[in-house]
Amino acid sequence: KIFSDAVSIFVLPPSLEILENRLKDRNQDSKEVIAKRMAAAKEEISHVSEYDYVIINDNMDVALRDLVSVVQSERLRAPVQLARYHDLVTELE
């Protein structure tokens, strides 16, 4: 409600198995912490349909390009552009 114009982006792992492997491969957390993080991830993923955009983080380069595309698209929305270039649009009309 505070940020009514915010755009929400959910970054999904390609699978829960891959997510768990990534957490284990980092060697930063105990098995208990990883289990808690996996449970939290499952809960968070259950809300994915509430987001404006979904990016699958299967390949970091592709996921980053997708994220940049979302940001660029949102910056090019008509209301944003018309506000940014108000004087130019008025002149051209």
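This is a short walk through a predicted model, from one pair of helices to a third helix and a few residues in the loops.

Let's begin with helix H1, residues 16–25, and helix H2, residues 31–45. Two packed helices are described by the angle between their axes and the distance between those axes. Here the axes of H1 and H2 come within 11 Å and cross at roughly 145°. The crossing of H1 past H2 is right-handed. On the H1 side, the contact is made by Leu16, Leu19, Glu20, Leu23 and Lys24. On the H2 side, the partners are Ile34, Arg37, Met38, Ala41, Lys42 and Ile45.

Now look at H2 by itself. Helix H2 has 15 residues, and from its first C-alpha to its last it reaches 21 Å, close to the 21 Å expected at 1.5 Å a residue. Which residues of H2 are buried? Ile34, Met38 and Ala41 are. These three cover an arc of only 60° around the axis, so they sit on the same side of H2. What covers the buried residues of H2 includes H1. The face turned away from that buried side carries the exposed residues Glu32 and Lys36.

Next, follow the chain through the loop between H1 and H2, where you can find Asn27. Where does phi of Asn27 fall? It is near 55°, a positive value in a residue other than glycine. That is worth a pause, because most residues other than glycine have a negative phi. Asn27 counts as exposed because its relative accessibility is 68%, and exposed means over 50%.

Asp29 also has its place in the loop between H1 and H2. Is Asp29 buried, partly exposed or exposed? Its relative accessibility is 28%, so Asp29 counts as partly exposed, the class between under 20% and over 50%. Leaving aside neighbours within four places in sequence, Asp29 is in contact with Ile34 and Arg37. With Arg37, the side chain of Asp29 makes a polar contact, side chain to side chain, at 3.1 Å. Both partners are residues you have already met in H2's contact with H1. For a sense of scale, try finding Val89 as well: Asp29 and Val89 are 60 residues apart in sequence and 54 Å apart in space, C-alpha to C-alpha.

Moving on past H2, you reach Glu50 in the loop between H2 and E2. With a relative accessible area of 57%, Glu50 is exposed, because that value is over the 50% cut-off. A polar contact of 2.8 Å joins the side chains of Glu50 and His47. Sequence and space can tell separate stories here: Glu50 and Ile9 are 41 residues apart in sequence, and their C-alpha atoms are 9.5 Å apart in space.

The last stop is helix H3, which covers residues 60–75. Helix H3 has 16 residues and reaches 23 Å from its first C-alpha to its last, close to the 22 Å expected at 1.5 Å a residue. At the start of H3, a side-chain oxygen of Asn59 reaches to within 2.9 Å of the backbone nitrogen of Asp61.

Which residues of H3 are buried? They are Ala63, Val70 and Glu74. Around the axis they cover an arc of only 25°, which puts them on the same side of H3. The buried residues of H3 pack against strand E1 (9–12), strand E2 (53–56) and helix H4 (78–84). On the other side of H3, Asp61, Arg65 and Arg75 are exposed. Asp61 is thus a residue to look at twice, since the backbone nitrogen of Asp61 is also the one that the side chain of Asn59 reaches.

One of the buried residues in H3, Glu74, rewards a closer look. Glu74 has a relative accessible area of 17%, and it is buried because that is under 20%. What does the side chain of Glu74 join? A polar contact of 2.5 Å links the side chains of Glu74 and Tyr53. Leaving aside neighbours within four places in sequence, Glu74 is in contact with Val7, Tyr53 and Val80.

Note on methods:
Residues numbered from 1 in each chain as written. Predicted model: local features only at pLDDT ≥ 70, side-chain atom pairs only at ≥ 80, totals over all residues. Heavy atoms only, no water. Helix = DSSP H or I, 4+ residues; strand = E, 2+ residues; numbered from the N terminus. Expected span 1.5 Å × (residues − 1). Buried < 20%, exposed > 50% of the residue type's maximum accessible area, 1.4 Å probe, protein only. Arc of directions from axis to C-beta. Contact = heavy atoms within 4.5 Å. Polar contact = N/O pair within 3.5 Å; in protein donor to acceptor, adjacent residues only side chain to side chain. Axes fitted to C-alpha atoms, helices over the stretch in contact; angles between N-to-C directions. Left-handed = near helix turned anticlockwise from the far one by under 90°.
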